[in-house]
Amino acid sequence: MDQAVFYKLIPQDKHLIVIAVHVNDCTIAASTTRLVKDLKAGLSRHVKVTDLGKLHWMLGIQVRHN
């Protein structure tokens, strides 16, 4: 079992993408929704991607958006 957090900082646009991976699930957070959509589109060219929508729970922790 491998767990990891990956990130990409895009300094010229001041954007950040963070991917938290746990077993075969991943959570994507980014400074814009466009970055999330582009990343998912890129990943789906290589692996099967299932989009479960907005994050509500992760590893037993409730996530709230405001």
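**Exercise 1.** Determine which residue takes a positive phi in the hairpin of S1 and S2.

*Solution.* Begin with the hairpin, which has four residues between its strands. Within this hairpin, lysine 14 takes a positive phi near 55°. The model is predicted: local features need pLDDT of at least 70, side-chain atom pairs count only at pLDDT 80 or more, and totals for chains, interfaces and linings use all residues. Residues are numbered from 1 along each chain as its sequence is written, and side-chain values use heavy atoms, with hydrogens and water left out.

**Exercise 2.** Establish how strands S1 and S2 are joined.

*Solution.* First, locate S1 at residues 3-10 and S2 at residues 15-22. Next, note their direction: the two strands run antiparallel, and eight bridges join them. Two strands pair if DSSP finds at least two bridges between them. Finally, take one position: valine 5 stands opposite alanine 20 in S2.

**Exercise 3.** State the order of helix and strands along the sequence.

*Solution.* Count the elements, which are DSSP runs numbered from the N terminus (helices: H or I, at least four residues; strands: E, at least two). The protein has one helix and five strands. Reading along the sequence then gives β-β-β-α-β-β.

**Exercise 4.** Find what percentage of the residues count as buried, and describe the accessible surface.

*Solution.* Buried means under 20% relative accessible area (1.4 Å probe, protein chains only). By this criterion, 11% of the 66 residues are buried. The accessible surface, from the Shrake-Rupley method with a 1.4 Å probe, comes to about 5,900 Å². Carbon and sulfur atoms account for 57% of that surface.

Notes:
Buried means under 20% relative accessible area, exposed over 50%, partly exposed in between (1.4 Å probe, protein chains only).
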